[in-house]
Amino acid sequence: MRVSEQDFVGRDVITVSDFRREEILFLLDTAARFENETGTPLAGRVIAALFFEASTRTRLSFESAVGRLGGTSIGFAEAGASSATKGENLSDTVRVVEGYSDLLLLRHPLEGAARLAAEFVDIPVVNCGDGAHQHPTQTFVDLYTMRRECGRLDGLHVVFCGDLRFGRAVHSLVSVLALFNARVTLVSPSFLRLPAEHRHTLESNGVIYNEAPDLESSLAEADVLYMTRVQRERFTDPLEYERFKDTYTLDLNVLKRASDQLAILHPLPRVNEIAREVDGQSHAAYFRQAHYGVAVRKALLALLLGVAGEVPK
Ligand code: NCD
């Protein structure tokens, strides 16, 4: 079925599985159109960013997107700056902010927070990360980056490495790769293995995948390496974090095993899992990936608010 801008207007973005392949491709094409957009289709619109958890890229690339399209952003960057500290619950907060804005961006430590918020308001809610659950806009940025870096999106061999248990960016991306006929390798210590529900999703969608303890031997046939940080904030036992935090380090020595076409992605922030010496390699796509976040989020905002058509094709 043909996709049009109308299909996006007023929608919530809670998980990537709410979107069909054609819709995702439409969003990525719109993002390409928005990369150098200098018009002001968001003039007069107010976007509220309610961030109950730390963020650099997601919040600032959204705010940059709003500013570059002529809109205004309001909000807070930590729970301590909101009335949550006075005991206000999430549903009251979002009901109030609905009256101040046209679209709500929400990051929250609890899984399901965005879905809950969307039940209380009529304006679009965009999940900017809910606990270890989902991070759909990161996935759109990841797919955009893969297509830009690899020249295609179909049939890629994607190696995930690091914290596959708690990483919501991994969980989101894994759940749509079947739409693009990917092959997947999962590299993690068994404690940080991809949860069973996501392995079942891969299986039931017919994705060929394998699990491997070792990064080096997994690189030779990879098109994309998706490196991740061990998610310290999700561990209940700090000693456990210490045990696993430096399990993998991608350095030039490990990278020798990679194919020429390998693109290295990382949602960032990085801790020690990629050595600084890798940054100058043509394989290193993670800073470009962070920058593509603005174009993708510009496109998403314009589509949800029904103003993407104002930008010339
Ligand atoms: C990710 C997140 O918050 O889930 N960061 C991001 O949004 N780019 C990944 C992470 O924090 O490790």
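Analyst: A definition to start with: Ala, Val, Leu, Ile, Met, Phe, Trp, Tyr, Cys and Pro count as nonpolar, Asp, Glu, Lys and Arg as charged, and the others, Gly among them, as polar. Please keep in mind that this is a predicted model.

User: Thanks! What makes up the lining of the largest cavity by class?

Analyst: Seven residues are nonpolar, three polar and two charged. Cys161, Pro189 and Leu192 are among the lining residues, and they are nonpolar because Cys, Pro and Leu count as such. Lys245 and Glu273 also line this cavity; Lys and Glu count as charged.

User: How many cavities are there, and what volume does the largest have?

Analyst: Two cavities reach 30 Å³ or more. The largest has a volume of about 70 Å³, while the second largest holds about 50 Å³. Among the residues lining the second largest are Arg57, Gln138 and Pro267, and these three also belong to the shell around the ligand.

User: Where does the ligand sit, and why is it said to lie between the domains?

Analyst: The ligand sits in the largest pocket. Domain 1 (5–134 + 293–310) and domain 2 (136–290) both give residues to its shell, so the ligand lies between them. That shell has three nonpolar, four polar and four charged residues.

User: What makes the approach of Arg107 to the ligand a polar contact?

Analyst: A polar side-chain atom of Arg107 lies 3.1 Å from an oxygen atom of the ligand; the cut-off for a pair of N or O atoms is 3.5 Å, so this pair qualifies. The side chains of His135 and Arg168 each place an N or O atom 2.8 Å from a ligand oxygen, so these pairs pass the cut-off of 3.5 Å too.

User: Is the ligand mostly buried or exposed?

Analyst: Mostly buried: taken alone the ligand exposes 320 Å², and the protein buries 93% of that.

Conventions:
Residues numbered from 1 in each chain as written. Predicted model: local features only at pLDDT ≥ 70, side-chain atom pairs only at ≥ 80, totals over all residues. Heavy atoms only, no water. Near = heavy atom within 4 Å. Polar contact = N/O pair within 3.5 Å; in protein donor to acceptor, adjacent residues only side chain to side chain. Areas by Shrake-Rupley, 256 points an atom, 1.4 Å probe, with all protein chains shown as cover. 1 Å grid on protein atoms, 1.4 Å probe; cavity = no way out; pocket = protein on both sides within 12 Å on 5 of 7 lines; lining within 4 Å. Sits in = over half its atoms within 2 Å of the grid points. Domains from an automatic or database assignment. Points joined across faces, edges and corners; volume = space filled by probe spheres on them.
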